[in-house]
Amino acid sequence: MPKQDIEKVIDKVDDEIVGIAKDFVKRRREAYETALKSLKEKMKEDTVRYAELLEDKKISAEDFDLLIKGRAAQLKIEVLEQASISKTKFNMMSDQMVLVLIRGVISLVIAL
């Protein structure tokens, strides 16, 4: 599976980010969207690496899920340090974004 295919799936998450932020906040929505996009970009390299391991059957879908969620938890701390937004709201939104990312990549790998 070409790296570009995985990156396309990751980049499609941007379309979901606007909807996710809109569902949770009315004020300062742009700050949350920016924080979510920053988190997604920071996760891109690791997501590609984990997806390649998943495709090569070196890890299971459950392992992929755990790796992505664990990396997201680490990166959330970095993003929250840089943004002045509510941790609780950001955690809820980022959890949804991570699920969209996981589903997209797993669907791509299974389709191959």
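Reader: Let's start with Lys57: is it buried or exposed?

Author: Here's the general idea: a residue is called buried under 20% relative accessible area, exposed over 50%, and partly exposed in between, using a 1.4 Å probe and protein chains only. The accessible areas themselves come from the Shrake-Rupley method with a 1.4 Å probe, and for residues only the protein chains shown count as cover. Lys57 has a relative accessible area of 72%, so it is exposed.

Reader: Before we go on, what kind of model is this?

Author: It's a predicted model, where local features need pLDDT of at least 70 and side-chain atom pairs count only at pLDDT 80 or more, while totals for chains, interfaces and linings use all residues. Residues are numbered from 1 along each chain as its sequence is written, and side-chain values use heavy atoms, with hydrogens and water left out.

Reader: Where does Lys57 sit, and what is its phi?

Author: To place a residue, look at the helices and strands: these are DSSP runs, H or I of at least four residues for helices and E of at least two for strands, numbered from the N terminus. Lys57 sits in the loop between H2 and H3, just after H2. Its phi is near 60°, a positive value in a residue other than glycine. Arg28, in the loop between H1 and H2, also isn't a glycine and has a positive phi of about 60°. Arg28 counts as partly exposed, because its relative accessibility is 45%.

Reader: How many helices and strands does the chain have?

Author: There are 4 helices and 0 strands, so to read the order you go from the N terminus on: α-α-α-α. The chain's radius of gyration is 14 Å, close to the 13 Å that the globule rule gives for 112 residues, so the chain is as compact as a globular protein of that length. That radius is taken over C-alpha atoms, and the rule is 2.2 Å times the number of residues to the power 0.38. Along its principal axes, the C-alpha trace spans about 45 × 25 × 20 Å. Buried residues make up 38% of the 112 residues.

Reader: How do I check the length of a helix such as H1?

Author: The expected span is 1.5 Å times one less than the number of residues. H1 covers residues 3-24, which is 22 residues and should span 32 Å; its end C-alpha atoms are 32 Å apart, so the two agree.

Reader: And where is the kink in H1 centred?

Author: A bend at a residue is the angle between axes fitted to the seven residues ending there and the seven starting there. In H1 there's a kink of about 35° centred on Glu16. H2 bends too, by about 45° at Lys44.

Reader: Which residues of H1 are buried?

Author: An α-helix has 3.6 residues a turn, so residues three or four places apart point the same way. In H1 the buried ones are Ile6, Val9, Ile10, Val13, Ile17, Ile20 and Ala21. They pack against helix H2 (29-55) and helix H4 (87-111).

Reader: What does Ala21 touch?

Author: Contact means heavy atoms within 4.5 Å. Leaving aside neighbours within four places in sequence, Ala21 is in contact with Arg29, Tyr32, Glu33 and Met93. Ala21 has 0% relative accessibility, so it counts as buried. The C-alpha atoms of Ala21 and Ser94 are separated by 9.3 Å, though these residues are 73 apart along the chain.

Reader: Are the lysines Lys40 and Lys76 buried or exposed?

Author: Lys40, in helix H2, counts as buried because its relative accessibility is 1%. Not counting residues up to four places away, Lys40 touches Ile10, Asp11, Val13, Asp14 and Met97. Lys76 sits in helix H3, residues 61-82, and counts as buried because its relative accessibility is 11%.

Reader: Which side chain makes a polar contact with that of Lys76?

Author: A polar contact is a pair of N or O atoms within 3.5 Å; within protein, one must be able to donate a hydrogen and the other to accept it, and residues adjacent in sequence count only if both atoms are side-chain atoms. The side chain of Lys76 makes one with the side chain of Ser94, at 3.3 Å. Residues touched by Lys76, again beyond four places in sequence, are Leu39, Phe90, Asn91, Ser94 and Asp95.
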